[in-house]
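Hi,

Here is the structure I promised to pass along. Have a look through it when you get a minute, and then read on for my notes.

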Amino acid sequence: MIEKQPTTPVVLSIAGSDAFGGAGIQADIKTITTCGAYAATAITCVTAQSSHGVFDIHPVPPSTVRSQIDHIINDLPIHAVKLGMLYDLEIIEVVAKALEQIDCPIVIDPVMVASSSDSLIAENAFHAMEELLFPKATLLTPNIPEAKEMGHKHNDDQDWQEVAIDIGKKYGCAVLLKGGHTTSSILTDILYDPKEEEIFCIKNPRIDTANTHGTGCTLSSAIATYLAKGYTLKNAVINGINYVHKLLDKSKEVKMHSKNGPMYHYLQK
Ligand code: PLP
């Protein structure tokens, strides 16, 4: 019999499949693997995508989402969970219920809209995410459009720290507000941890690239992996951002698609 190795970090990604391979579960597996952990997955929906956009979304039956999670957690020690595209109310409800059985860091990427502007959430499902999932998060990773959906209509860059604090206080979790959607040449990601009452800004020069498809999925998976490996929240965030920054830089020259391309995770090595 093979002995179990409790030191192998395991990350469970509960997210949607992106046929194009740049975002969703596919990005999560590539990220978790190249950051040095074992990736387990529960697929919430199957999407048909290319660099031209999102063409079809087929939600997995909620009972099948639940059964994927249950069978994984009954067999594997889970050290961190990453939530991505959950899509509809029923899936959000079963995921929230299933998470009651797991005691480990949870990173939630509140996926709503793709960079192609296609919606990745069913109507009326956002409220369920807010109520059932965000309070369970160790870290919530909204980008600026998602922060606006959360009720923050600020347009002035000066206000983003306040927005991160508001979101963290509202949901009772740490928040990483990502600055990629500003027009600034220096990007500022803001980490607010209500437990420490601390605000921490990470600045990086903007990388000039169209290969940004899947950056949100990749970042949240990288942070979940570093948390699974035992890093503090702040160090997991710093390492996750560095991972994405380097990957964007290494992927910027590759062009084998028509439009907005993915990152090429294998280049990390
Ligand atoms: N497809 C899936 C399945 C996703 O989970 C996401 C984002 O989380 C996307 C597409 C969108 O990726 P992007 O906004 O980087 O294009």
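Below is what turned up around the ligand, the pocket and the cavity.

First, a caveat: this is a predicted model, so please read everything here with that in mind.

Let's start with the ligand. There are 14 residues around the ligand, and Q49, S115, H213, G214 and C217 are the closest of them. By class, this shell is made up of six nonpolar and eight polar residues, with no charged ones.

A few polar distances caught my eye. The side chain of S115 has an N or O atom 2.5 Å from a ligand oxygen. For G214 the partner is a polar backbone atom, with a ligand oxygen 2.6 Å away. H213 brings in a polar side-chain atom, 2.7 Å from an oxygen of the ligand. As for cover, the ligand on its own would expose 390 Å², and 92% of that is buried by the protein.

So where does the ligand sit? The ligand takes up the space of the largest pocket. That pocket has a volume of about 1100 Å³. Its lining runs to 49 residues, with N143, H181, T212, T215 and G216 the closest to the pocket centre. Charged residues do appear in this lining: it divides into 10 charged, 21 polar and 18 nonpolar, whereas the shell around the ligand has no charged residues.

If you want to trace the pocket wall by secondary structure, several elements each give at least two lining residues. Among them are the strands β1 (10-18), β2 (38-50), β8 (186-193) and β9 (198-205). The helices include α1 (24-34), α5 (144-149), α7 (215-228) and α8 (233-251).

Then there is the enclosed space. The count is one cavity of 30 Å³ or more, and the volume of the largest cavity is about 30 Å³. Which residues line the largest cavity? They are G84, M85, L86, Y87, I92, V111, L120, I121 and M129. Eight of these lining residues are nonpolar and one is polar, with none charged.

Over to you, and happy browsing!

Notes:
Residues numbered from 1 in each chain as written. Predicted model: local features only at pLDDT ≥ 70, side-chain atom pairs only at ≥ 80, totals over all residues. Heavy atoms only, no water. 1 Å grid on protein atoms, 1.4 Å probe; cavity = no way out; pocket = protein on both sides within 12 Å on 5 of 7 lines; lining within 4 Å. Points joined across faces, edges and corners; volume = space filled by probe spheres on them. Nonpolar A, V, L, I, M, F, W, Y, C, P; charged D, E, K, R; others polar. Near = heavy atom within 4 Å. Polar contact = N/O pair within 3.5 Å; in protein donor to acceptor, adjacent residues only side chain to side chain. Areas by Shrake-Rupley, 256 points an atom, 1.4 Å probe, with all protein chains shown as cover. Sits in = over half its atoms within 2 Å of the grid points. Helix = DSSP H or I, 4+ residues; strand = E, 2+ residues; numbered from the N terminus.
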